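Let's take a walk through this protein, from the overall make-up to the sheet and what packs around it. Have the model open as you read.

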Amino acid sequence: MSGQKPKRVGFVLYPGNTLLDFAGATQVFASWATQGGWEPVWLGPAAASKFDAVDPAGAMPDPDWAVEFVPQDGGKPASIWTSENSSVIPQQAFCDPNGAPRDDLDLDIIYVPGAGGAAVAAAMNDRRYMDFLGQFAGVSGPWVGAVCTGTFIIAAAGLLKGAKATTHWRLVPALPDLVEKGWIGAVPDGFPRSCIDTDHKRFSGGGVSSSIDLALALMTQYDRGLETANWSGLIGDGVANKRYVRSM
């Protein structure tokens with residue numbers, strides 16, 4: 001593994017996103033980080049500005065819940081509250097202090113977490129967030145995808161046109177409407193925990209804990225493939241989907 005450039009996985013965070021949606025996948029990628037294979041990075045907005053966030057209980061956006069992001073350490077974003085009433089601190093910003101999307105992050109995978117409906121709607125209405133995602137529409141470059149309700153965010157950003165996609169099982173019945181609108185290309189049968197569209201380099205997953213299975217599925221798309229996924233699954237103490245773990 002020595003000398004290989006780590007593959008950077010950018011988790012693009014927003015207020016009210018579900019903690020396990022990105023923390024679970026981060027654990028999978030981080031399990032291989034010490035071997036030089038993967039580098040998970042949490043991304044957040046940089047400039048101090050108002051964002052209509054959502055309270056941890058999932059209430060509708062309210063002016064009293066407006067969050068001010070304050071630049072720290074030369075522009076790093078401030079902490080972001082998750083739906084579990086805990087805060088996380090992104091390592092890097094996805095936009096500059098003026099809100100313009102950064103294009104110098106050198107990401108191999110762009111990963112959007114899900115959230116409750118109000119937080120998802122707020123993210124869709126945040127220009128900085130959608131501008132950052134939108135720059136990857138129609139571009140043959142990094143893998144782009146989401147877990148759970150994050151699918152609706154990347155669909156709104158124009159990232160799933162022509163691609164197959166899934167979401168949280170309760171919301172799968174809403175996906176045919178997006179197919180009709182041309183926002184996504186197709187919906188897989190049933191309720192898969194992970195959906196990988198290799199032709200479009202897009203991925204999506206079911207609810208919450210499926211982020212772990214989705215991360216393992218993504219790892220199989222690279223050179224080390226299944227062997228890497230097996231190793232991370234074992235490090236995860238058996239939480240991985242059994243189809244990724246071979247008998248030892």
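We're looking at a predicted model here, and it contains 7 helices and 11 strands. The protein has 248 residues, 50% of which count as buried. Its accessible surface adds up to about 11,100 Å², with carbon and sulfur atoms making up 52% of that. Take the contacts with a separation of 6 or more: 65% of them link residues 24 or more positions apart.

**The sheet**

In what order do the 7 strands of the open sheet line up? Reading across, you get S7-S2-S1-S8-S9-S11-S10, with mixed pairing. Strand S7 (92–93) and strand S10 (194–197) sit at the edges; each has a single partner strand, so one side of each has no neighbour in the sheet.

Here are some of the strand pairs, each with one pair of residues that face each other across it.

| Strand pair | Sense and bridges | Facing residues |
|---|---|---|
| S1 (7–12) and S8 | parallel, 3 bridges | Val 9 and Ile 109 |
| S8 and S9 (143–147) | parallel, 4 bridges | Val 112 and Ala 146 |
| S9 and S11 | parallel, 4 bridges | Gly 145 and Phe 203 |
| S10 and S11 (202–205) | antiparallel, 4 bridges | Ile 196 and Phe 203 |

Phe 203 turns up twice: it stands opposite Gly 145 of S9 and is also the residue facing Ile 196. Gly 145 in turn has Tyr 111 opposite it.

Now for the side chains of these strands. In a regular strand, side chains alternate between the two faces of the sheet. Strand S8 (residues 109–112) has Ile 109 and Tyr 111 pointing one way and Ile 110 and Val 112 the other, all of them buried. S9 is covered on both faces too, with Trp 143, Gly 145 and Val 147 buried on one side and Val 144 and Ala 146 buried on the other. That gives 5 of 5 residues buried for S9.

**A helix across the sheet**

Helix H6 (residues 210–219) lies across S2, S8, S9, S10 and S11, and its direction makes an angle of about 30° with S10. How many of the residues of H6 are buried? The count is 10 of 10, so H6 is largely enclosed by the rest of the structure. Polar residues are part of that tally: among the buried ones are Ser 210, Ser 211 and Asp 213, alongside others such as Leu 214, Leu 216 and Met 219.

**Two cores**

Nonpolar side chains tend to be buried together in soluble globular proteins. In this model, the largest nonpolar core takes in 33 residues, and Tyr 14, Tyr 129, Phe 132, Leu 133 and Ile 153 have the most contacts inside it. At least two residues of this core come from each of these elements: strand S2 (38–44), S8, helix H2 (117–124), helix H3 (127–134), S9, helix H4 (150–156) and helix H5 (175–181). There's also a second, separate core of 25 residues, whose members include Ile 80, Ile 109, Ala 215 and Leu 218.

Tyr 14 is a good residue to click on. Beyond its neighbours within four places in sequence, Tyr 14 is in contact with a list of residues that includes Ile 80, Trp 81, Val 112, Pro 113, Ala 119, Val 120, Tyr 129 and Ile 153. Two of those names have come up already: Ile 80 is listed in the second core, while Val 112 is one of the buried residues of S8.

**A buried threonine and the cysteines**

Is Thr 166 buried or exposed? With a relative accessible area of 1%, Thr 166 is buried, although it lies in the loop between H4 and H5. Leaving out neighbours within four places in sequence, Thr 166 has contacts that include Thr 151, Val 172, Leu 175, Pro 188, Pro 192 and Cys 195, along with Ser 204, Gly 205 and Gly 206.

That brings us to the cysteines. Cys 195 counts as buried at 4% relative accessibility, and Cys 95 is buried as well, with a relative accessible area of 1%. As for disulfides, the structure holds 0.

How values were computed:
Residues are numbered from 1 along each chain as its sequence is written. This is a predicted model: local features need pLDDT of at least 70, side-chain atom pairs count only at pLDDT 80 or more; totals for chains, interfaces and linings use all residues. Side-chain values use heavy atoms; hydrogens and water are left out. Buried means under 20% relative accessible area, exposed over 50%, partly exposed in between (1.4 Å probe, protein chains only). Two strands pair if DSSP finds at least two bridges between them. Contact means heavy atoms within 4.5 Å. Accessible areas come from the Shrake-Rupley method with a 1.4 Å probe; for residues, only the protein chains shown count as cover. A nonpolar core is a set of buried Ala, Val, Leu, Ile, Met, Phe, Trp, Tyr and Cys residues joined through side-chain atoms within 4.5 Å. A disulfide is a pair of cysteine sulfur atoms within 2.5 Å. Axes are lines fitted to C-alpha atoms, for helices over the stretch in contact, and angles run from 0 to 180 degrees between N-to-C directions.
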